[in-house]
Amino acid sequence: MASSGNPMYSPFFGVMGAAAAMIFSALGAAYGTAKSGTGIAAMSVMRPELIMKSIIPVVMAGIIAIYGLVVAVLIAGSLESYETYSLFKGFMHLGAGLAVGFSGLAAGFAIGIVGDAGVRGTAQQPRLFVGMILILIFAEVLGLYGLIVAIYLYSK
């Protein structure tokens, strides 16, 4: 125990929060990109003119990773020596990282599944495009909710 009253391991939780934010949101973004990419590849054999229009799910999946990156950089920028970094702050930063990380993971899964089925369906019936975009927006906003909660927890 330090003379400041903060345990020596208190920054560990902040570091784990930054790592969780980046790892889980990047996993979600990678899954969304890969799953949507397979749908784009399958669709482009029949309708190569729709490739650029079908990139939207991949872009939306990439934004999920940016949410995690923002929170990870915020947390990493506020890490200090254990003399000044309280255990409370470490737990709050861990919670922030987990909030954005897991919501990004869930959003990435949803974007990947909707993107895969959506681009394949749009190749057969172009009127499905608007519906696919709306569903993708609702999937993306799940990651945004995690970002909002993470920033709120970070600022405590």
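The following paragraphs describe the helices, the nonpolar core, selected residue environments and the aromatic groups of a predicted model.

Because the model is predicted, local features were accepted only at pLDDT of at least 70 and side-chain atom pairs only at pLDDT 80 or more, whereas totals for chains, interfaces and linings use all residues. Residues are numbered from 1 along each chain as its sequence is written, and side-chain values use heavy atoms, with hydrogens and water left out.

Helices were assigned as DSSP runs (H or I, at least four residues) and numbered from the N terminus. The largest nonpolar core, defined as a set of buried Ala, Val, Leu, Ile, Met, Phe, Trp, Tyr and Cys residues joined through side-chain atoms within 4.5 Å, comprises 28 residues. Burial denotes a relative accessible area under 20%, exposure one over 50%, and partial exposure the range in between (1.4 Å probe, protein chains only). Within this core, Ile64, Val71, Val100, Ile111, Met132 and Leu136 touch the most other members. Two or more residues are supplied by each of helix H1 (10-46), helix H2 (56-77), H3 and helix H4 (128-154). The greatest contribution comes from H2, with eight residues.

Helix H2 was examined in more detail. For its 22 residues, a rise of 1.5 Å a residue predicts a span of 32 Å, and the separation of 32 Å between the end C-alpha atoms agrees with this; the expected span is 1.5 Å times one less than the number of residues. The buried residues of H2 are Pro57, Met60, Ala61, Ile64, Ala65, Tyr67, Gly68, Val71, Ala72 and Ile75. Viewed down the axis of H2, these buried residues fall within an arc of 155 degrees and therefore line one face of the helix, the arc being that of the directions from the helix axis to the C-beta atoms. Val73 and Gly77 are exposed on the other side of H2. The buried residues of H2 pack against H1, H3 and H4, where contact means heavy atoms within 4.5 Å.

Ala72 lies in H2 and counts as buried at 10% relative accessibility. Leaving aside neighbours within four places in sequence, Ala72 is in contact with Ala18, Ala21 and Met22. The C-alpha atoms of Ala72 and Ala21 are separated by 5.7 Å, although their positions lie 51 residues apart along the chain when counted as sequence separation.

Helix H4 also follows the expected geometry. Its 27 residues should span 39 Å at 1.5 Å a residue, and the end C-alpha atoms are 40 Å apart, which agrees. Burial in H4 involves Phe129, Met132, Ile133, Leu136, Ala139, Glu140, Gly143, Gly146, Leu147 and Ala150. These buried residues pack against H2 and H3. Met132, one of them, touches Val114, Gly118, Val119 and Thr122, not counting residues up to four places away in sequence.

Several positions in helix H3 (residues 87-124) were considered individually. His93 is found in this helix and is buried, with a relative accessible area of 2%. Not counting residues up to four places away in sequence, His93 touches Gly14, Gly17, Ile75, Ser78, Tyr85 and Tyr154. Ala96, also in H3, is buried with a relative accessible area of 0%. With neighbours within four places in sequence left aside, Ala96 is in contact with Val71, Ile75, Ala150, Leu153 and Tyr154. The C-alpha atoms of Ala96 and Gly17 are 79 residues apart along the chain and 6.6 Å apart in space.

Gly97 lies in H3 and is likewise buried, at a relative accessible area of 0%. Gly97 touches Gly17, Ala20, Ala21, Val71 and Ile75, not counting residues up to four places away in sequence. Gly97 and Ala61 are separated by 36 residues in sequence and by 18 Å, C-alpha to C-alpha.

Thr38, found in H1, is partly exposed, with a relative accessible area of 43%. Thr38 touches Asp116 and Arg120, not counting residues up to four places away in sequence. The C-alpha atoms of Thr38 and His93 are separated by 36 Å.

A search of the whole structure yielded five aromatic pairs, with rings of Phe, Tyr and Trp (its six-membered ring) paired if their centres lie within 6.5 Å, and classed by their planes as stacked (under 30 degrees apart), edge-to-face (over 60) or tilted (the rest). Tyr9, Phe12, Phe13 and Phe91 form one aromatic cluster. The charged end of Lys53 sits over the ring of Phe129, 4.4 Å from its centre; this assignment requires NZ of Lys or CZ of Arg within 6 Å of the ring centre and within 35 degrees of the ring normal.
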